Each structure stands twice: as C-alpha cells, then as structure tokens.
Amino acid sequence: MTGQATPGTTFVEKTTTDLEFTCSRNKAAFDEGCLFNVEYSDTITAPWISVGPGVIVTEGALQTLKAIVPTGSADSRFIHLKITNP
C-alpha cells in the first residue's frame, strides 16, 4: 500500500433523533481498496450492527465522512470505525 498514514479524527454529536459519527479517512487508502465501515452496539462485545461508511462531507486528500447511528432505547451506545485492508 502506497498511501501515507494520517492522524484520524472522530467526533460524535447527538441530534434530536440520532447520533452523528464524523471521521476522517485518507483518500489514497480508500482508492487502494481499504474499506471503512461504521458499526455500533449496545454492548462492547457484540453483536455489532453496520451503518455503512457514511457520506462524504468534505473532499480532498483527507476526506471527512458522516454516518448516522440510531440512538435506540439503550442507555449507552458504542460506536467504532472498522477499517479492512484489501
């Protein structure tokens, strides 16, 4: 893989209906086949539910993605970004 590592940033913001998970990704890594997937769970162990990679909100060498995670009825919700190499 020729893409350079870049520091990632993630943010979670609660809206009136959902959680907005925002993260950054290196476009070169994506172009080379890395898959980015946002998942959530009500427990830290599993099962994890996929909401997909989200939508691109800023373009460039470092892209910003936003994924919508439902709040559900649980008192807590765990979110992680799963990155899979090609």
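**Exercise 1. Work out which side chains make polar contacts with the side chain of Glu39, and why Glu39 has no salt bridge.**

*Solution.* Start with the polar partners in this predicted model. The side chain of Glu39 pairs up with that of Asn37 at 3.4 Å, and with that of His80 at 2.7 Å.

Next, look for opposite charge. The nearest candidate side chain is Lys82, sitting 4.2 Å away. A salt bridge needs a Lys or Arg side-chain nitrogen within 4 Å of a carboxyl oxygen. His80 can't fill in here, because His is not counted as charged. So Glu39 ends up buried with no salt bridge.

Finally, place Glu39 in its surroundings. Glu39 belongs to strand β3, which covers residues 35–41. Leaving aside residues up to four places away in sequence, Glu39 touches Trp48, Ile49, Ser50, Phe78, Ile79, His80 and Lys82.

**Exercise 2. Find the residues of the largest nonpolar core and say which strands supply at least two of them.**

*Solution.* First, list the members: there are eight, namely Leu19, Phe21, Cys23, Val38, Tyr40, Leu65, Ala67 and Val69. Then map them onto strands: β2 (18–26), β3 and β6 (62–70) each chip in at least two residues. That fits a general habit: in soluble globular proteins, nonpolar side chains tend to be buried together.

Now zoom in on Phe21. Not counting residues up to four places away in sequence, its contacts include the core members Val38, Leu65, Ala67 and Val69. Phe21 also touches Thr10, Phe11, Val12, Lys66, Ile79 and Leu81.

**Exercise 3. Locate the cis peptide bond and describe the backbone and exposure of Ala46.**

*Solution.* Begin with omega: a value of about -5° marks the bond joining Ala46 and Pro47 as cis. Both Ala46 and Pro47 are in the loop between β3 and β4, with β4 spanning 49–52.

Then check phi. For Ala46 it is near 155°, which is positive even though the residue isn't glycine. For background, most residues other than glycine have a negative phi, and most peptide bonds are trans. As for exposure, Ala46 has a relative accessible area of 39%, so it counts as partly exposed.

**Exercise 4. Describe the whole chain: what is its pattern of helix and strands, and what share of its residues is buried?**

*Solution.* Count the elements first: one helix and seven strands. Along the sequence they run β-β-α-β-β-β-β-β. Of the 86 residues, 26% are buried. To round this off, consider contacts between residues at least 6 apart in sequence: 60% of these join residues at least 24 apart.

Definitions and conventions. Residues numbered from 1 in each chain as written. Predicted model: local features only at pLDDT ≥ 70, side-chain atom pairs only at ≥ 80, totals over all residues. Heavy atoms only, no water. Helix = DSSP H or I, 4+ residues; strand = E, 2+ residues; numbered from the N terminus. Buried < 20%, exposed > 50% of the residue type's maximum accessible area, 1.4 Å probe, protein only. Polar contact = N/O pair within 3.5 Å; in protein donor to acceptor, adjacent residues only side chain to side chain. Contact = heavy atoms within 4.5 Å. Core = buried A, V, L, I, M, F, W, Y, C linked by side-chain atoms within 4.5 Å.
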